[in-house]
Amino acid sequence: MTGVSFSAADHGFMARALRLAEQGLYSTTPNPRVGCLVVRDGVVVGEGWHARAGEPHAEPLALAAAGGTARGATVYVTLEPCSHHGRTPPCSEALIAAGVARVVAAMADPNPLVAGQGLAALRAAGIATECGLLETEARELNIGFVARMARGRPWLRLKAAASLDGQTALGNGVSQWITGPEARRDGHRWRARACALLTGIGTVKDDDPQLTVREVDSSRQPLRVVVDSRLETPLGARILKGGNVLVAGAVADRGRIAALEAAGAEVFVQPNAAGKVDLAGLLAELARRGVNEVHAEAGFKLNGSLLREGLVDEFLLYLAPCLIGSDARGLFNLSALTSLDDRRRLTLRDVRQVGADIRVLARPA
């Protein structure tokens, strides 16, 4: 809500609620990450955060911790309380039943099933409601969920490691390891927060990756997705081990599909007009499956295709202090430019040193 004036105490409590929400960074998918505080007379009497789908939401956990002291209290929640019956009852009803006096939400819920109805239900019950406190921070925390709800496509973060001269692999395809162990460990943290990890058949053939989260503790493994137009994924590829793999192809080769399925993969076929995988269609399918964030780790061909089609929302680049040379492979397979006016401009979001390497987080301008 515009024009709302929040106190310093309001800011402090909402910041604490956001820190609680961050505890669900790796586990809440497909649900949003939400934290909640119940505050009575300036003292926190209950707090909670949503851990995973099907388990209690942040609000009922915080209310349970507060008990009877929730009556007349102020509730700070990082996302508008839900108002619909899903796997759990509506949080707006729990807040009304608890008799809270005021609810402050960081942002409205972009889910069309809620979309203002949660706050409206609270107001109809006589509860004071305010929205918009630390909204930018709350939106960033759930940027994938917002993207999926608002546009029907997940947030796609493209990760790449390169030398300072912008090369990702030697001419023979060797790329392990350009960056140091600290950068690789940091990259696994970004993998862990994603709902799906995306790569291409070229990377599968060259590197035979597992594409799993290994360097950080996580209670789940993201869905692994291989863009493989001709369904050439080797049946002994490490990425097929353990299941939870989707191979996206462009040909309905029944023999190859059956072989891949027998090896533990699910096959999704959707070609574009050029006979390649329809990447936008693939992302729409992932959104239908509840995928909020896609973490892409691919070669320069798929990287270039994703960028050309306007599907990259964010770049996660690790730059190693070394030079590889002009015969190596670059970051993106893009057409040559004849004018600098046509260059793709980025907005830097964060630049920091990770071990010996530099990490750059940027978005299309």
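Two residues are in contact when heavy atoms of theirs lie within 4.5 Å. The exercises below use that sense of the word throughout, and they concern a predicted model.

**Exercise 1. Describe the surroundings of Ala237: where is Ala237 found, is Ala237 buried or exposed, and which residues is Ala237 in contact with once its neighbours within four places in sequence are left aside?**

Solution. Begin with the secondary structure, which places Ala237 in the loop between β9 (223–227) and β10 (245–249). Next comes the accessibility: buried means under 20% relative accessible area, and Ala237, with a relative accessible area of 4%, is therefore buried. Then turn to the contacts, where, leaving aside the neighbours within four places in sequence, Ala237 meets Val204 and Asp208. A separate distance concerns Arg214, which is 23 residues from Ala237 along the chain, with 18 Å between the two C-alpha atoms.

**Exercise 2. Characterise the chain as a whole: how many helices and strands does it have, and why can it be called as compact as a globular protein of its length?**

Solution. The secondary structure amounts to eleven helices and 16 strands. The radius of gyration is 23 Å, close to the 21 Å given by the globule rule for 365 residues, so the chain is as compact as a globular protein of that length. Along the principal axes, the C-alpha atoms fill a box of roughly 65 × 45 × 35 Å. Of the 365 residues, 50% count as buried, and among the contacts with a separation of 6 or more, 69% are between residues 24 or more positions apart. The accessible surface is about 16200 Å², and carbon and sulfur atoms hold 51% of it. As for charge, there are 42 positive and 38 negative side chains, and the centres of these two sets lie 2 Å apart.

**Exercise 3. Analyse the aromatic pair: which residues form it, and what is its geometry?**

Solution. The structure holds one aromatic pair. Its members are Phe13 and Tyr76, whose rings are 5.3 Å apart from centre to centre, with 40° between the planes, a geometry that counts as tilted. The pair links distant parts of the chain, since Phe13 belongs to helix α1 (residues 8–21) and Tyr76 to strand β3 (residues 74–77), 63 residues apart. Both Phe13 and Tyr76 are buried.

**Exercise 4. Examine the backbone at Pro30, Asp41 and Asn244: what kind of peptide bond joins Thr29 and Pro30, and what is the phi of Asp41 and of Asn244?**

Solution. The bond between Thr29 and Pro30 is a cis peptide bond, with omega about 5°, and Pro30 has its place in the loop between α1 and β1 (35–40). Asp41, which is not a glycine, has a positive phi near 55° and is found in the loop between β1 and β2 (43–49). With a relative accessible area of 73%, Asp41 is exposed. Asn244, also not a glycine, has a positive phi of about 60° and lies in the loop between β9 and β10. Its relative accessible area is 39%, so Asn244 is partly exposed.

**Exercise 5. Consider helix α11: which of its residues are buried, and what covers them?**

Solution. In α11 (residues 300–308), the buried residues include Leu302, Asn303, Gly304, Ser305, Leu306 and Leu307. Their cover includes the strands β6 (155–163), β8 (196–200), β9, β12 (293–296) and β13 (314–320), together with helix α10 (279–288). After α11 comes Gly310, with a positive phi near 70°.

**Exercise 6. Place Gly144 and Cys195, and list what each touches, not counting residues up to four places away in sequence.**

Solution. Gly144 is found in helix α6 (residues 143–151) and, at 1% relative accessibility, counts as buried. Beyond four places in sequence, Gly144 touches Trp155, Asn292 and Glu293. The C-alpha atom of Gly144 is 9.7 Å from that of Arg157, which is 13 residues away along the chain. Cys195 lies in the loop between α7 (181–193) and β8 and is buried, with a relative accessible area of 7%. On the same basis of counting, Cys195 touches Thr29, Arg220, Pro222, Leu223, Val291, Asn292 and Glu293. Asn292 and Glu293 therefore appear in the lists of both Gly144 and Cys195. From Cys195 to Leu306 the C-alpha distance is 18 Å, at 111 residues apart in sequence.

Conventions: Residues numbered from 1 in each chain as written. Predicted model: local features only at pLDDT ≥ 70, side-chain atom pairs only at ≥ 80, totals over all residues. Heavy atoms only, no water. Helix = DSSP H or I, 4+ residues; strand = E, 2+ residues; numbered from the N terminus. Rg over C-alpha atoms; globule rule 2.2 N^0.38 Å. Buried < 20%, exposed > 50% of the residue type's maximum accessible area, 1.4 Å probe, protein only. Areas by Shrake-Rupley, 256 points an atom, 1.4 Å probe, with all protein chains shown as cover. Lys, Arg positive; Asp, Glu negative; His and termini not counted. Charge placed at Lys NZ, Arg CZ, Asp CG, Glu CD. Phe/Tyr/Trp six-rings, centres within 6.5 Å; stacked < 30°, edge-to-face > 60°.
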